[in-house]
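Work through the exercises below with the sequence and the model open. Each task is followed by a solution in steps.

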Amino acid sequence: MVAIDSGLDSGRQPILNIKLPLAFFIGGAAALIGLGAMVVNDFSESGLRLASELDWRFTCLVFFVAAIAGPVGRLLPFAFSKTLGALRRQLIWSVCASYGVYLATLLLPNWFGHTGIEGGVTGGMMLFALFSGLVILVMAYAASREAEIQFGAATLRALLSVAMSFFWLTYALTGLAHLSGPHRPDAFYGVSLGLMIFALLLSFADQFIAKLRGIAAAPSL
């Protein structure tokens with residue numbers, strides 16, 4: 001959680017003390033990235049497509065950090081790694097927030113029939129949005145303390161594993177498709193695929209060490 005204190009100096013009581021989750025700032029950053037791309041390109045078709053593309057890439061990086069937070073926090077004996085591990089719940093919510101913004105940049109211009117975009121909202125696009133939207137809702141709830149109390153740690157680990165695996169497959173397969181298919185060269189997709197593979201290997205290492213220690217590791221993917 002990030003505290004915003006509006007006190008003017010340390011000798012006074014704060015006038016306003018608001019605690020905002022990390023997901024608020026990550027989601028806000030995604031929204032600003034998308035809006036900035038639209039404004040710079042005068043809300044043209046290229047600008048709208050650029051907005052969704054940039055938010056897709058931004059969420060990919062947020063997901064990578066969320067995916068490695070648990071393993072890094074458990075495997076590395078450093079202060080920064082422990083801090084990262086402690087933020088895992090907030091990072092999962094940040095993935096949900098930024099991905100929700102991505103879906104908005106993908107659907108809203110088509111939904112309102114922007115003149116430069118052909119076809120509007122297709123059935124496939126709507127199905128993808130509904131399914132992935134359901135996944136982020138499940139993942140956001142599964143990361144909450146209330147869900148853990150109600151359903152138990154084992155059930156929540158299974159739900160988070162499935163949800164995180166969905167995002168991993170989405171980003172890994174997209175990166176692989178851009179590298180092997182008839183697309184223009186784009187180094188980002190090679191990097192993103194490499195990040196997904198690294199996150200998966202780190203997850204395997206985390207699970208292996210957890211089994212040696214006889215403990216149940218939290219799901220990282």
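**Exercise 1: the second largest pocket**

Helix 2 (45-75) and helix 7 (153-180) each supply at least two residues of the lining of the second largest pocket. Helices (H or I, at least four residues) are DSSP runs numbered from the N terminus, as are strands (E, at least two). The model is predicted: local features need pLDDT of at least 70, side-chain atom pairs count only at pLDDT 80 or more, and totals for chains, interfaces and linings use all residues. Residues are numbered from 1 along each chain as its sequence is written, and side-chain values use heavy atoms, with hydrogens and water left out.

Task: state which helix gives the most to the lining of this pocket, and how the lining residues divide by type.

Solution.
1. A pocket is defined on a 1 Å grid over the protein atoms alone, as an open set of points where a 1.4 Å probe fits, with protein on both sides within 12 Å along at least five of seven lines; lining residues have an atom within 4 Å of a point.
2. The lining residues include Glu53, Trp56, Arg57, Tyr102, His178 and Asp186.
3. Helix 2 gives the most, with three residues.
4. By type, the lining has four nonpolar, three polar and four charged residues. Here Ala, Val, Leu, Ile, Met, Phe, Trp, Tyr, Cys and Pro count as nonpolar, Asp, Glu, Lys and Arg as charged, and the others, Gly among them, as polar.

**Exercise 2: an aromatic pair**

Task: classify the ring pair of Phe63 and Tyr171, and say which helices hold the two residues.

Solution.
1. Rings of Phe, Tyr and Trp (its six-membered ring) pair if their centres lie within 6.5 Å; planes under 30 degrees apart count as stacked, over 60 as edge-to-face and the rest as tilted.
2. This rule gives 13 aromatic pairs.
3. For Phe63 and Tyr171 the centres are 6.1 Å apart and the planes at 25°, so the pair is stacked.
4. Phe63 lies in helix 2 and Tyr171 in helix 7, so the pair ties together parts 108 residues apart in sequence.
5. Phe63 is buried, with a relative accessible area of 0%, and Tyr171 is buried at 1%. Buried means under 20% relative accessible area, exposed over 50%, partly exposed in between (1.4 Å probe, protein chains only).

**Exercise 3: the contacts of Tyr99**

Task: which residues are in contact with Tyr99, leaving aside its neighbours within four places in sequence?

Solution.
1. Contact means heavy atoms within 4.5 Å.
2. The residues are Trp56, Thr59, Phe128, Ser132, Ile136, Phe167 and Tyr171.
3. Ring pairs also link Tyr99 into a cluster whose members include Trp56, Phe63, Phe167 and Tyr171.
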